[in-house]
Amino acid sequence: MFHPILRKEKILDYLEKYFGKETRNYLDYFKKDWSEDPFTSCENLKSTYISPPYGNELFAKEYMNNMLLFSDSETSPVYGGYLEGAVYSGLRAASLILDN
Ligand SMILES: Cc1cc2nc3c(=O)[nH]c(=O)nc-3n(C[C@H](O)[C@H](O)[C@H](O)COP(=O)(O)OP(=O)(O)OC[C@H]3O[C@@H](n4cnc5c(N)ncnc54)[C@H](O)[C@@H]3O)c2cc1C
């Protein structure tokens, strides 16, 4: 766990690496801990890792000559439930559409 100031610097460094120096001209910085959000978590929730298994192989099968595709984070065979899974799944779907 990083000290809040160190964490902020690490986040800004990371953003600057990808989006350039103008990242430093931000108007505001706001940190949100979802585990403390009453609409997302609760006191008796012991672990934040509650992901079910994602990427059922039925979603990767070919339907209607790939005219029907399933693509989102939950259908992804990797990083299911995360943004990375959504990106993976979206790239796969885009590639199938372009090949069709
Ligand atoms: C509180 C919270 C915190 C999270 N934190 C993280 C995190 O820190 N890191 C991480 O990697 N992931 C995080 N996630 C998960 C991540 O946000 C999701 O995995 C990701 O956004 C899923 O992307 P998606 O494209 O699959 O689906 P979505 O982002 O849900 O996109 C689906 C889109 O389809 C639209 N839609 C729905 N029905 C229809 C319809 N009938 N017609 C047209 N459009 C429709 C919706 O409006 C939506 O825009 C978090 C999720 C939540 C809820």
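Which domains does the domain assignment of the protein give? Here is a quick walk through the model, point by point.

1. The assignment gives domain 1 (4–36) and domain 2 (57–99), with bounds that come from an automatic or database domain assignment. The C-alpha centres of domain 1 and domain 2 sit 31 Å apart.

2. Before going on, some ground rules. This is a predicted model, where local features need pLDDT of at least 70, side-chain atom pairs count only at pLDDT 80 or more, and totals for chains, interfaces and linings use all residues. Residues are numbered from 1 along each chain as its sequence is written.

3. Now the overall form. The C-alpha trace spans about 50 × 40 × 20 Å along its principal axes. The radius of gyration is 19 Å, whereas a compact globule of 100 residues would have one near 13 Å; the radius is taken over C-alpha atoms, and the globule rule is 2.2 Å times the number of residues to the power 0.38. Just 6% of the 100 residues count as buried, meaning that 20 or more other C-beta atoms lie within 10 Å of the residue's own (12 or fewer is exposed, in between is partly exposed, and C-beta atoms are placed from the backbone).

4. On secondary structure, the protein has two helices and zero strands. Both kinds of element are DSSP runs numbered from the N terminus, with helices being H or I of at least four residues and strands being E of at least two. Helix α1 covers residues 4–19, and its end C-alpha atoms are 22 Å apart, in agreement with the 22 Å expected for 16 residues at 1.5 Å a residue; the expected span is 1.5 Å times one less than the number of residues. The number of buried residues in α1 is zero, so this helix lies largely in the open. Just after α1 comes Gly20, with a positive phi of about 90°.

5. Ser76 is worth a look. This residue lies in the loop between α1 and α2 (83–99), and counts as buried because it has 24 C-beta neighbours inside 10 Å. Apart from neighbours within four places in sequence, Ser76 is in contact (C-beta atoms, placed from the backbone, within 7 Å) with Tyr54, Gly55, Gly85, Ala86, Tyr88 and Ser89. Asn44 is 32 residues away along the chain from Ser76, and their C-alpha atoms are separated by 29 Å.

6. Tyr88, one of those contacts of Ser76, belongs to helix α2. With 20 C-beta neighbours inside 10 Å, Tyr88 counts as buried too. Leaving out residues up to four places away in sequence, Tyr88 touches Ser76, Val78 and Tyr79.

7. Next, a backbone check. Most residues other than glycine have a negative phi. Tyr79, though not a glycine, has a positive phi of about 50°, and Asn66 has one near 60°. Tyr79 is in the loop between α1 and α2, as is Asn66. Tyr79 counts as partly exposed with 16 C-beta neighbours inside 10 Å, and Asn66 is likewise partly exposed, with 13.

8. Finally, the ligand. Around it are Trp34, Thr40, Asp72, Ser73, Gly81, Tyr82, Leu83, Glu84 and Ala86, where a residue is near if its C-beta atom, placed from the backbone, lies within 6 Å. The shell divides into four nonpolar, three polar and two charged residues. Here Ala, Val, Leu, Ile, Met, Phe, Trp, Tyr, Cys and Pro count as nonpolar, Asp, Glu, Lys and Arg as charged, and the others, Gly among them, as polar.

Notes: Contact = placed C-beta atoms within 7 Å.
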